[in-house]
Amino acid sequence: MVLPTPAPSFPILRAERLEKTFATAGGVPGVPAVRELDLAVAAGEFVAITGASGSGKSTLLHMLGGITRPSAGRVLLEGTDLAVLDDDGLAAIRRRRIGFVFQRYNLLPELSLEENVALPLVLDGVAAARCVEAARDALAAVGMSHRSGHRPDALSGGEQQRGAIARALVTKPAILLADEPTGALDSVNSANVLHLLQQLVHDRGQTVILVTHDPEIAAAAGRIVRMRDGRIVEILAGAQAESPAGATAS
Amino acid sequence: MRLRHLLLRQWQTRPGRALATAASVAVAVGAVVATWISADASRAGYGQLAETLDGPPVVDVTARGGGRFVIDELPPLADLPGVRALVPLLYRPARLLLEDGRRVTQLAVGVDAVSLVKLGLLELEAGEPCRDVDEILLEAALAKSLGLTVGDEVLVPARRRLIPRRMRVSGLVKPDSMGWFAEGADVVFDIQVLGAMSLATALVDRVRVAVAPDASRPKLCDAIAERLPADLIAEIPAGRASMAEDVLHAANLGLDFVTGLTVAMAFFIVGNAMLMNVTERRRGFSLLRLLGATAKQVRQFVTTEAAILGIGGGVVGAAAGLAAAGPISAGVARALQAPALGFAMQPWILPAAVLLGFLVAVAAAWWPAREATSIDLLEGLAAAPAPPPQGVPLKFILVALGFALIAAVNQALVILEVLPPRMTVPGGITLLLAFVATTPILLPPIVRVLAWFIPRSLRIEGMLATEQILRQPVRTALTTGVLIVAVSNGIGLGHAIRDNVDDVLGWYGRMMRADWVLSHAGMLQGVAEAQSLDSQEVEEQVRALPGVASVEGLGVTTGRVAGGACVIVARDVPADQLLPLTPVNATDAELRAALARGEAVAGTVLARRTGIKAGDEVPVEVFGRTVPVKIAALVVDYTSGGASLHVRRDTARALFGLRSADILLVTAKPGEAASLRLPLETIVVDHAMILRSFAEVQQFVDGIVGGVVNSLWAILGLGFVVGSLGVANTVTMNVLEKKRTLGLLRAVGMTRGQVTRMVVLESILLGAAGGLIGLAAGLVTALFIQLASQPLLGHPIKVTFRPSVVAINLVAAVVVTALAAWLPARRAVRLDLLEAISAE
């Protein structure tokens, strides 16, 4: 059921008539992963995008994060149309304004946790001392300061994921995108990570968009966007629903 | 932390990968250094060999139209760069009257012996150079044959003197030491003394300019010619039968090829290693891009790594190359029977090698760096590695066609003599690159055919191995690229060298087809003006010996044909024997008839240099006399490098007054060859000639040729070792890259032994397929080299397929790749299963 809600006043992220079709070889028609989708997310919102496997939720997240370009439509992040940016421009957006958290953590195995967390700042040319300071702050925020010198292979799944969240936060991004962040964790660690994300939203006003196939995980968000066959079919209020936040769906 | 810290951390975590990449640079740089130094040492050896046979390089100043000229006419030339010495020469026959009554006629040369000895251009075995009016030098072998030594006296008649002059032998000249100026003379006078005795004071026959070893002879010749008055000319003289010159030409071209191919191999080895290095870290690069690294940052990361590994590998490679060059240079010296060539450890070699390592690594990293920046960002998120690209990109086909076109155009320009023969080298290397670029297309069908030969007992392993290769044709092609270059090197150059050598040896075999050879040393200049009683007497004595079936006489002198210096050979043409000359576009019968009519045949090289063709009537200048001679046909000949003109002896007598036979080829009756030794030795001692059995001559020729060929095999062997190391390194990295795949195969039930056999089979298939492509490339390379030689030689050299050369190279290719894969495969399958599966 679609909830008619008023549009957000100042959406931090807006997707307009977004489409993505994956090309195939041999003259076979392409596979439409996302079809004519509109979405607006306000600052400080916790939005969960859910749906069955193949519903297009990860593809949507990738387009919102500038990882993949849409076949049609546009994504506006803080008013900037991502489509007009070149490769380096998108890289800069990913470095500074977007934080990513992945299902498989994706920490570089050669670096310590602190060095992994500092990596986006290093790539941005920030001074070494500032990188270290910011990394430590981020690790403290996720409760991983005591493991900052360890390599990823010495950490548990939950610890690695918290480290990955710290990396996503180190640049104080406008938005944090999490793709199945609890997918590789046990129930206890899943709950811990989820709780951490909720805290970030509540305490810091961090905007979080989370993709999950698990309805229980999705329920922790303020707004749940349910997808099927590349379209938004339902928008629901989640456990964290507070001020009216709107979405339009087509 | 900076990005370079990430680099260091990666090296610490995966030292094997960084070391393998640095090792590839070390192998590449070491190969280039060793090959360069060895090739340089070989060229120096060849130069020494050529100097041993023909003496130092020279340019002659003579009178236009022949004859003597006043030495004062010669302008100053000593200041010209490249002039080592100016040697005025005067020749005349000299009759020596010995104390025991014997009379010997020899050619004498007047020269400033004191200066020549000081300059090291004349070596004495004993005694002092002649300086007084009553002193002479004798060539040591002549002196021995006459029973003379230092201090002995002989009588020498002089013009307008009733009483012969008594001359003292002041010294003995080392054999072959005066060959470069003596033109067959065995007796040396001081030039002023000889001039006075000959009533030719201040006159000279020629001034021979000894050229400095590193100078360009043609350039010096042009510089000298510019200064000369109109009645004097400068020319590079036609040497004696320098058959070795042509073997050396092929050898030098071969060295150029080896050096060029080694550099190409270096780029392949390092480029392949860099590409695998980057491919292994695709996921990591994808993550960096996801986190916001720009393409430039990723490119710099890869290039910085390449630069550092290049410098490190360059240092190690320089040391390895220098260490390898030493024994190879010593081997080359042994093969050429030259004194230890050695090589000077130039101070620039080490920094140059390090710079080479840096440049090769950075250049070879260009494409991998591009690949790293174009990795799909989603690859970093994928649970499994991305599948390899299917099929063969069009760009490979276009690149192959482009290279082939460039190579074809280059070769055409060499054949048309727009480019010099040495420019065949870049063309050959470009063609090789074309072959490598076509490998993605050629490899799959070749591998499928080779797979039919896998035994049934290895059916499963063979099927999987074939599938592994066919999955990634482009990736596999690059792995085999090094192998193709190495095999092509061995097969191509091996064929080219042997074909060239066989061509020369075939000619020599036809030329020298007797049991015994009697000779004066070289040509008898000026003797033709007088009756050569000695020469005729020798011939009559030899013919009269029982046991002699036939005697073939050869007179050799120098002259000019259509303005080009050449050697003129006057020969008997026995009716009952095949001609020792191979005609071009004519039959034996036509050749005989033409020679009988008093016509001449010209060597193909002379024809090429002067532009003369069969049917032309050309001016031939000998002993100051110019006569028109018709050229009946061209022949393949290596006398004097092919700059030769052949006529019958009666024709030479009629046209030029040439009567003497410098060389007598004596064929014995069946079973009588050995019995002729003693009587022939008696004759030669009496007439101061040299006697050799054909077997000794053959041995001498084989020695020269064998030495050159063995030296080249040594360097080719180095090239193959380097190629093998490069292949081994590449295959090893290839196997390590597949750790995850091998782990997965074990996870689904393959045994360790099966996986190992599969990996080794895959390498054997690659080795065989790469070897076959290298074979095709090698044969084309051989053809390229021979076609490039054609302008120089004037005739094509037959390219012969040599099964032994092919077999050695193919077997070595398969064995090397199999061995290179076996060890890392065994190591990979012993890993813990989970560790292997989770490997990146």
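1. A salt bridge is a side-chain nitrogen of Lys or Arg within 4 Å of a carboxyl oxygen of Asp or Glu. By that rule, the interface of chain B and chain A holds 2 salt bridges, and a search of the whole structure finds 31 over all chains. The reader should keep in mind throughout that this is a predicted model.

2. On the overall make-up of chain B, the secondary structure comes to 26 helices and 22 strands, and buried residues make up 55% of its 840 residues. Among the contacts in chain B with a separation of 6 or more, 82% are between residues 24 or more positions apart. The surface that chain B exposes is about 33,800 Å², and carbon and sulfur atoms supply 62% of it.

3. Where chain B meets chain A, 27 residues of chain B are in contact with 26 residues of chain A, and the area buried between the two chains is about 2,500 Å², with carbon and sulfur atoms giving 61% of that area. One salt bridge joins the side chains of A:Asp87 and B:Arg289, with a distance of 2.5 Å from N to O. The rule for polar contacts finds 7 residue pairs across the interface, both residues of each pair being at pLDDT 80 or more. On the side of chain B that touches chain A, α1 (3–13), α9 (282–290) and α10 (295–335) of chain B each supply at least two residues, and the residues of this side divide into 14 nonpolar, 8 polar and 5 charged.

4. In chain A, the helix α1 (residues 57–64) deserves a look, since 7 of its 8 residues are buried. The buried residues are A:Lys57, A:Thr59, A:Leu60, A:Leu61, A:His62, A:Met63 and A:Leu64. Just after this helix, A:Gly66 takes a positive phi of about 70°.

5. Strand β8 (residues 207–212) of chain A contains A:Val211, and this residue counts as buried because its relative accessible area is 0%, where the cut-off for buried is under 20%. Leaving aside neighbours within four places in sequence, A:Val211 is in contact with A:Ile49, A:Lys57, A:Ser58, A:Leu61, A:Ala178, A:Asp179, A:Glu180 and A:Pro181. Two of these partners, A:Lys57 and A:Leu61, are also among the buried residues of α1 in chain A. By contrast with these contacts, the C-alpha atom of A:Val211 is separated by 22 Å from that of A:Ala138, a residue 73 positions away along the chain.

6. Also in chain A, A:Glu159 forms a salt bridge with A:Arg147, and the closest N and O atoms are 3.2 Å apart. A:Glu159 lies in helix α5 (residues 157–169) and A:Arg147 in the loop between α4 (128–141) and α5, so the pair ties together parts of chain A that are 12 residues apart in sequence. Both A:Glu159 and A:Arg147 are buried. Elsewhere in chain A, a network of salt bridges links A:Arg14, A:Glu16, A:Arg74 and A:Asp81.

7. Two salt bridges within helices of chain B can be read side by side. In helix α17 (residues 533–544), B:Glu539 and B:Arg543 lie 4 residues apart, about one turn of the helix, and their side chains meet at 3.0 Å, N to O. In helix α21 (residues 677–687), B:Arg677 and B:Glu681 are likewise 4 residues apart and separated by about one helical turn, with their closest N and O atoms 3.6 Å apart. An α-helix has 3.6 residues a turn, so residues three or four places apart point the same way. As for cover, B:Glu539 counts as buried because its relative accessibility is 10%, whereas B:Arg543, at 42%, counts as partly exposed. In the other pair, B:Arg677 is partly exposed at 33%, and B:Glu681 is partly exposed at 31%.

8. Two further residues of chain B show how helices are placed against other parts of the chain. B:Asn489 is found in helix α16 (residues 473–511) and counts as buried at 1% relative accessibility; beyond its neighbours within four places in sequence, B:Asn489 is in contact with B:Val258, B:Leu261, B:Gly494, B:Leu716 and B:Gly719. B:Val816 sits in helix α25 (residues 803–829) and is buried, with a relative accessible area of 18%; with neighbours within four places in sequence left aside, B:Val816 is in contact with B:Ser724 and B:Val727.

Definitions and conventions: Residues are numbered from 1 along each chain as its sequence is written. Chains are lettered from A and ligands numbered from 1 in the order in which they are written. Side-chain values use heavy atoms; hydrogens and water are left out. Buried means under 20% relative accessible area, exposed over 50%, partly exposed in between (1.4 Å probe, protein chains only). Contact means heavy atoms within 4.5 Å. Accessible areas come from the Shrake-Rupley method with a 1.4 Å probe; for residues, only the protein chains shown count as cover. Buried area is the accessible area (1.4 Å probe) that two parts lose on being put together, summed over both. A polar contact is a pair of N or O atoms within 3.5 Å; within protein, one must be able to donate a hydrogen and the other to accept it, and residues adjacent in sequence count only if both atoms are side-chain atoms. Ala, Val, Leu, Ile, Met, Phe, Trp, Tyr, Cys and Pro count as nonpolar, Asp, Glu, Lys and Arg as charged, and the others, Gly among them, as polar.
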